[in-house]
Number of protein chains: 2
Amino acid sequence: MTKKAVLLLSGGLDSTTVLAIAQSQGFDVYAMSFNYGQRHAHELKAAATIAKQAGVKEHQVFTIDLGGIGGSALTEDAIAVPKDRESEEMSHGIPVTYVPARNTVFLSFALAWAEVLKAYDIFIGVNALDYSGYPDCRPEFIKAFETMANLATAFGVKDDGQRIRVHTPLISMSKAQIVETGTKLGVDYSITTSCYDPTPEGAACGHCDACSLRLKGFRENGMSDSGAYA
Amino acid sequence: MTKKAVLLLSGGLDSTTVLAIAQSQGFDVYAMSFNYGQRHAHELKAAATIAKQAGVKEHQVFTIDLGGIGGSALTEDAIAVPKDRESEEMSHGIPVTYVPARNTVFLSFALAWAEVLKAYDIFIGVNALDYSGYPDCRPEFIKAFETMANLATAFGVKDDGQRIRVHTPLISMSKAQIVETGTKLGVDYSITTSCYDPTPEGAACGHCDACSLRLKGFRENGMSDSGAYA
């Protein structure tokens, strides 16, 4: 019997690598993406292409209006995306690209779908190393979410010993290690998109935190990034 | 200085009572309602009327497509709403009206808004007595959510000692106690709506679990329910 897993797929480098990892572990993947008022809707096109190429069981896009809440450079035009920052600078404080409670909201949707599918495994591409400023990328957050998830759902009241598990295979990896892992698993990174501030055609800016980290990851592997840059 | 609170307002008897309680405790209330594919959209009209009458600071309606996930009689026409069940029967197992991970999703949105507003208090009208079959109405779930919430957000990484608190003033009350509390606080229950299966005009069926519990709550207070019934 195959195991089902719900996976959060943004269309970026990290979640695409996680998809390859989940499939390599024998999971049938149910991928979910979110239209949450992010500036860069081409992410969703990338996610759809990736889901199709990987042959996931199902891919659903959920529209939620986190943008109505505001508070992030990724959802509000009035807040500028920072450019050309050094890693050191990125690791201090909570960046303006942090979307309030985003991973909590995304994981809650994943939990709802997992409950309906009777899937006990959720995969998310959070990373505590490069994004140390995002509170909802830390291992202690993931652990607390897992505890809550088992109490929130029918899983927690059944006595079959089955429990929800939130898998975070990238949490301690550097971007270089992520690229290395994905490359070994045959991930085609040219169709992934990471930029916080792309051109209207979807080409990456090459200067935001996400681009800087991504380019560094390829460089440290002696590879060049096959994604499109402006 | 007034304190801000985010409150989940469904338009029903419970959340309307919680709104009165939060205001009686001196909170400026930011109410949120959800259009989540529930069959009875008149709930949202009731919520808007209640929010206006109570003079909340702001009322936002968020559209989310939990219905795309399925699995509940409240979001799927194919699953029938049970009628004329005794309290005893309602308290066994998870009812088909349970919406998978609904309170987790709703509270996650509340958390996101709280973070942006810098509000440290979230109010939700869950009740562990009448809805013992819903895993996400239990005190242990609320406690686990609170722990997770403080790790998920900027609140948890600041050293100001401020922490998110999830208030559940109704959690141990009977429906009769809820009606009694709200009546003392001047709640106008005629504009609230509780029915799982109302007429297209919004009149309550009088027979679903929600109607049965509500009618019992008024009866035990020697009151009649001023809401509209079919």
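**Exercise 1. Describe how H1(A) and H7(A) cross and pack.**

*Solution.* Let's start with the handedness: H1(A) and H7(A) cross in a left-handed way (the near helix is turned anticlockwise from the far one by less than a right angle; clockwise would be right-handed). Helices here are DSSP runs of H or I with at least four residues, strands are E runs of at least two, and both are numbered from the N terminus. This is a predicted model, in which local features need pLDDT of at least 70 and side-chain atom pairs pLDDT 80 or more, while totals for chains, interfaces and linings use all residues. Residues are numbered from 1 along each chain as its sequence is written, and chains are lettered from A in the order in which they are written.

Next, the geometry: the two helices pack at an angle of about 40°, with axes 9 Å apart (axes are lines fitted to C-alpha atoms over the stretch in contact, and angles run from 0 to 180 degrees between N-to-C directions). That makes H1(A) oblique to H7(A) (under 35 degrees is roughly parallel, over 145 roughly antiparallel, 65 to 115 roughly perpendicular, and the rest oblique).

Finally, the residues: H1(A) brings Leu13(A), Asp14(A), Thr16(A), Thr17(A) and Ala20(A), and H7(A) brings Ile178(A), Thr181(A) and Gly182(A). Contact means C-beta atoms, placed from the backbone, within 7 Å.

**Exercise 2. Find the buried residues of H7(A) and say why they line one face of the helix.**

*Solution.* First, list them: in H7(A), residues 175-184, the buried ones are Lys175(A), Ile178(A), Val179(A) and Gly182(A). Buried means 20 or more other C-beta atoms within 10 Å of the residue's own, exposed 12 or fewer, and partly exposed in between.

Second, look down the axis of H7(A): these residues fall within an arc of 95°, so they line one face. The arc is that of the directions from the helix axis to the C-beta atoms. An α-helix has 3.6 residues a turn, so residues three or four places apart point the same way.

Third, ask what covers them: the cover includes H1 (13-24) and H8 (209-219) of chain A. After H7(A) comes Gly186(A), with a positive phi near 85°.

**Exercise 3. Place these helices in the whole of chain A.**

*Solution.* Begin with the elements: chain A has eight helices and five strands. From the N terminus, their order is β-α-β-α-β-α-α-β-α-α-β-α-α.

Then turn to burial: 51% of the 230 residues of chain A count as buried.

Last, check the contacts: among those with a separation of 6 or more, 72% join residues 24 or more positions apart.

Definitions and conventions. Two residues are in contact if their C-beta atoms, placed from the backbone, lie within 7 Å.
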